[in-house]
Amino acid sequence: MRVLEIDNLHVSFKTRGGEIHAVRGVDLHVEDGETLAIVGESGCGKSVTAQSIMGMIPKPHGRIKGGSIKFRDHEMTTLSSKKLREIRGTEIGMIFQDPMTSLNPTMKIGHQIDEIFIKKLKLSRDEAKKKTIKLLQEVGIADPTTRYSDYSHQFSGGMRQRVVIAIALAANPSLLIADEPTTALDVTIQAQILELLKRIQLERQTSIVLITHDLGVVAELADRVSVMYAGIVVESGTVHDLFESPKHPYTWGLLKSVPNIHSQEKERLMAIEGTPPDLFDPPMGCPFAQRCPYAMEVCIEYLPEKEFFSESHSARCWLQDKRAKGYSEIAAGGERHG
Amino acid sequence: MGETILDVQNVKKHFKAGKHQTIKSVDGISFDIRKGETLGLVGESGSGKTTLGRTLVGIYEATEGKVIFDGRDLSKLDRKSKKMVNREIQMIFQDPQASLNPRMKVGDIIAEGLDAYRLKKGSARKQRIIELLEKVGLSPEHADRFPHEFSGGQRQRIGIARALAVEPSFIVADEPISALDVSIQAQVVNLLADLQQEFGLTYLFIAHDLAMVNHISDRIGVMYLGQMMELAASDELFAEPLHPYTKALLSAIPASEPSLRGAKERILLGGDPPSPIEPPSGCPFRTRCPAAMEVCAKQKPQWKEIKNEHYTACHLYG
């Protein structure tokens, strides 16, 4: 069963400088109980995609211009804001990068979780408190009965993120959207949170959409991956497809620009030269063509269609087109390096 | 390599917090940096790595201890010779947005050092700006633009050009790539490596990304709560870490590919680092250390060379 299916999503923002085309035809889906990672750099549209799922595109500047987002039985792009609010926090849980922004600094931590049980699940105050304490324990807060009455500033960054995860899980959602959940955390704390998310997934069978720029987090947590660049999904596949036989030059570049801690030799990093294109006036062709060492004429003019390599693995790249004679070797070579 | 350029002897940097409290950000650190090497400094937020870096370049004055640069004790210099030493030690900051004056043209930003030391004027100054822009991969016409017209990676290049302008021998780079995207990080790291080779620069590279620090550094120092816990050649540190904190830190690095998921045993540390206002007695790591013993609370472990060029401060090693 598919929990989430996004089809040809377009989102843009009106600014004083013109219209930014942030998401330009994104397709992706999430199966029941799996973790889909959306990877990409700042401005690639990964967070905007996540916001669209939750109906949280800031209005009136932002607008979903086309496409559909199907979450279970709901078409999210046409739902009323009231209905969206109902779904958020019950059927879809959310975790953001900075836990401080999702917590109310003037309210006891326990009460913030109670609220969900009381308002959304219509439990009594006592029942809610019991459930909250149990949940705090589940997400690894030591001494939950005491911590129930503490305020967010009395928690460390890692502990706050655990509380945010507890809030996201309270209504037992079928989909969890985690936008850079460990980016603001130190590496030892990041490891704790990753372990926690793994355990939650295992025990609760929650589907997760994980937004991140960190390939290490992807390698640890994801079942499938969609790589985004300049508002477009350039490659998508299982986590093994992506790491072991990547097909798009941007994916090759991403994988090679991170140092390998297992290699003894300190080779020069393969940097991707240049910077991403301006989304006020997105390029006609492949958005990566400008930075791509293998770009051909066709790449500048036409956006490649999705090419499938297996049921799970696809990429948008002219190198993979059968007509790109002589380039198949490059394509094969790139995979080996990846 | 081998000759010492910077000798750090028992340096402390304490800050007053309120009337009766002191934050011991850096609390007695000794090590040396050798000519032409890159020393990586890792540690989590609050470990004191940035404070240490700033104390070494002279932004902060050390509360105690000595910093000896090229044979000169920095605390004992008069103003004039201090200014001369400052020219040789430059810094690159984490946030290129915050460290570049938005009202100044890039050319003038780069020439700040040239102007301060009255090194070049008129056309020679202009020539030098162009030369520096090209060195860091920007073009001459960029000199007349303002910082906001550049991307994050380009801004960091401007920061690097500014540091290079006065021909320093030692550069402290404080998280120079953490604000940048992955593909841009590699560009900046490669640039730093090229410049090091061309000018024989010595780097202190402060970062929290362990894989990147390992890539760029010859040796790595690990800090925790104001103290140096371990220092060794980077290969040695990654292959045979001694200190329990270093072990935990390395084990926390996410798998580099999915096939290595769960391949190594993860040492999950309980809790969070204690406050530097009231650090634990004895070893600062003992409250979270899986190997803590009675002695760790009573006595501060000594900083010792356990193996050749491999230092640590831990009671497990005598």
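Q: In which sense do β11(A) and strand β12 of chain A pair, and over how many bridges?
A: In this predicted model, β11(A) and β12 (residues 314–315) of chain A pair in the antiparallel sense, over two bridges. One residue pair to look for is A:Phe308 with its bridge partner in β12(A), A:Ser314.

Q: Where does that pair sit in the open sheet of chain A?
A: Follow the order of the eight strands, which is β6-β7-β8-β3-β9-β10-β12-β11 (chain A), with mixed pairing. The two edge strands, β6 (92–95) and β11 (307–308) of chain A, each pair on one side only.

Q: Which strands does helix α7 of chain A lie across?
A: Helix α7 (residues 157–169) lies across β6 and β7 (175–179) of chain A, and runs at about 170° to β6(A).

Q: How do I read unusual backbone angles?
A: Start with the general pattern: most peptide bonds are trans, and most residues other than glycine have a negative phi. Here, a cis peptide bond joins A:Lys59 and A:Pro60, with omega about 5°. A:Pro60 is in the loop between α1 (46–53) and β4 (62–71) of chain A.

Q: What is the phi of A:Glu180, and is this residue buried or exposed?
A: A:Glu180 is not a glycine, yet its phi is positive, about 50°. You will find A:Glu180 in the loop between β7 and α8 (187–204) of chain A. A:Glu180 counts as buried because 20 other C-beta atoms lie within 10 Å, and the cut-off for buried is 20 or more.

Q: And what about A:Gln205, buried or exposed?
A: A:Gln205 is exposed, as it has 11 other C-beta atoms within 10 Å. Its phi is also positive, near 60°, and its place is in the loop between α8 and β8 (207–212) of chain A.

Conventions:
Residues are numbered from 1 along each chain as its sequence is written. Chains are lettered from A and ligands numbered from 1 in the order in which they are written. This is a predicted model: local features need pLDDT of at least 70, side-chain atom pairs count only at pLDDT 80 or more; totals for chains, interfaces and linings use all residues. Two strands pair if DSSP finds at least two bridges between them. Helices (H or I, at least four residues) and strands (E, at least two) are DSSP runs, numbered from the N terminus. Two residues are in contact if their C-beta atoms, placed from the backbone, lie within 7 Å. Axes are lines fitted to C-alpha atoms, for helices over the stretch in contact, and angles run from 0 to 180 degrees between N-to-C directions. A residue is buried if 20 or more other C-beta atoms lie within 10 Å of its own, exposed if 12 or fewer, and partly exposed in between; C-beta atoms are placed from the backbone.
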